[in-house]
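Work through the exercises below with the sequence and the structure side by side. Try each task before reading its solution.

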Amino acid sequence: MRMTEDELIRVAVLSIFLAPTAGVRGSQLEDVSAWEGFMQLTRRDLLRWGIVLGGGAALSSGRRVLQAANLPESPPTRPFVVELTRANGGIPATAQPVRPFATQADPADCVNVDGTTAFHVHGPRTVPANTDFFLIHERNTQHSFHPDLPLNDLWGYDGRVPGPTFVANSRSFPPPGVTGKAHLVRFVNDLLEGRLDIGEPITAIHRHGGFQNPEDDGYPLDTFCFGESRDYFYPNRAAGGLLQNEHSTMWYHDHAIDITAENVYRGLATRRIHRRRWGCRAGTSTSGWSSRTGCSTGTASSSTTTSTTTVSSATSFW
Ligand SMILES: [Cu+2]
């Protein structure tokens with residue numbers, strides 16, 4: 001009998017389960033219902049548990065045992081062979097605003113892996129005048145992580161891995177000479193299963209660590225499916241007196257319930273950079289970002305060592 005790949009995986013898993021209990025192996029093998037239970041597992045179930053044919057992660061007595069010696073070896077690669085540049089995608093592109101568009105209500109009919117649907121369903125967003133609009137398509141892409149490695153059938157924001165970096169200037173404390181902007185981002189789900197059986201084309205977008213309304217937080221149930229799109233509004237403004245969002249490196253990533261890890265593993269993750277003015281307290285300046293200009297609480301002192309020249313060179317960095 002020729003076994004299918006799925007059947008081979010099930011047998012491999014069964015042997016992993018039974019190996020630590022050799023004393024009762026005979027009786028367990030004769031337990032037809034247990035065997036049939038294992039045979040009901042789908043390949044996706046096994047991947048969810050981190051059990052992949054040839055891998056070393058095993059479940060033993062309900063405890064996950066990782067045996068480093070049994071892990072599959074990564075293929076050999078040559079070190080330091082590619083300069084990371086913007087041109088070759090080594091430094092991710094920066095997301096560019098598009099012409100403002102009419103915001104839309106959230107889709108509410110995407111059925112999640114666990115059978116639920118979105119509950120933070122919200123109408124079209126009302127955005128302030130100083131809002132930049134972005135349009136990002138989640139797409140299949142072929143990506144190689146190294147010249148010595150093959151192409152992988154991945155998913156990427158705008159078909160890039162990592163996706164484009166969003167750069168936000170704080171609306172509360174913008175860098176000197178810069179107007180802080182809110183962001184309205186429309187993500188479109190164009191994801192196809194492709195050849196890799198990892199992840200599900202069901203997505204939610206989570207700006208990790210950001211201040212945003214619940215409907216814009218990428219809550220795991222607030223998903224949108226293939227062919228749908230969803231708007232997310234990011235105020236980019238200090239909230240509740242908490243300032244950590246005003247100057248930080250964050251990331252955004254897929255957040256769909258039960259499949260976040262797989263979808264992120266397949267490429268749906270990238271960065272956000274938030275900038276604010278530094279050094280409002282005179283004498284504490286430590287970088288070219290520093291400026292007393294416009295600080296409401298700073299007291300003037302003789303340590304005005306910063307200049308608009310350093311600030312403008314810094315602002316042109318991104
Ligand atoms: Cu996160």
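**Exercise 1. State what share of the residues is buried, and how far the model can be trusted along the chain.**

Solution. Begin with the whole protein: of its 318 residues, 27% count as buried. The secondary structure comes to 6 helices and 12 strands, and among the contacts with a separation of 6 or more, 63% join residues that are 24 or more positions apart.

Next, turn to confidence, since this is a predicted model. The mean pLDDT of the protein is 74, and 64% of its residues reach 70 or more. Over residues 5–39, however, the pLDDT is below 50, and this stretch has 22 contacts in the model beyond near neighbours in sequence. Residues 46–64 also stay under 50 in pLDDT, and for them the model has 30 contacts beyond four places in sequence.

**Exercise 2. Find the order of the strands in the open sheet that contains β11, and say which strands lie at its edges.**

Solution. The sheet is built from 4 strands in the order β5-β12-β11-β8, and the pairing is mixed. Its edge strands are β5 (166–169) and β8 (205–208), each of which pairs on one side only. Neighbouring strands of this sheet are turned against each other by 25 degrees on average, with direction ignored.

Now look at the pair in the middle of that order: β11 (residues 248–254) and β12 (residues 269–275) run antiparallel and are joined by 6 bridges. To locate one of these pairings, start from M250, whose bridge partner in β12 is R272.

**Exercise 3. Decide whether H253 is buried or exposed, and name the residues that it touches.**

Solution. First place the residue, which belongs to strand β11. Then count its surroundings: H253 is buried, because 22 other C-beta atoms lie within 10 Å, and the cut-off for a buried residue is 20 or more. Leaving aside residues up to four places away in sequence, H253 touches H206, H208, V264, L268 and A269. For one of these, L268, the C-alpha atom is separated from that of H253 by 5.6 Å, although the two residues are 15 residues apart along the chain.

**Exercise 4. Determine in which sense β6 pairs with β3 and in which sense with β10.**

Solution. Take β3 (residues 131–143) to begin with: this strand and β6 (residues 182–189) pair in the parallel sense over 8 bridges, and T131 has A182 as its bridge partner in β6. Then follow β6 to β10 (residues 229–234), where the pairing is antiparallel and runs over 6 bridges; here the bridge partner of V188 is S229.

**Exercise 5. Locate the cis peptide bond and the residues D158 and D258, and describe their backbone.**

Solution. Start in the loop between β4 (152–157) and β5, which holds P162. The peptide bond from V161 to P162 is cis, with omega near -5 degrees. D158 is found in the loop between β4 and β5 as well, and this residue has a positive phi of about 60 degrees although it is not a glycine.

Move on to the loop between β11 and α5 (260–265), where D258 lies. D258 likewise is not a glycine, yet has a positive phi of about 70 degrees.

Finally, check the surroundings of both residues. D158 is partly exposed, because 19 other C-beta atoms lie within 10 Å. D258 is partly exposed too, with 14 other C-beta atoms within 10 Å. Both counts fall between the limits, since 12 or fewer would make a residue exposed and 20 or more would make it buried.

Terms used: Residues numbered from 1 in each chain as written. Predicted model: local features only at pLDDT ≥ 70, side-chain atom pairs only at ≥ 80, totals over all residues. Pairing = 2+ DSSP bridges. Helix = DSSP H or I, 4+ residues; strand = E, 2+ residues; numbered from the N terminus. Axes fitted to C-alpha atoms, helices over the stretch in contact; angles between N-to-C directions. pLDDT = per-residue confidence, 0-100. Contact = placed C-beta atoms within 7 Å.
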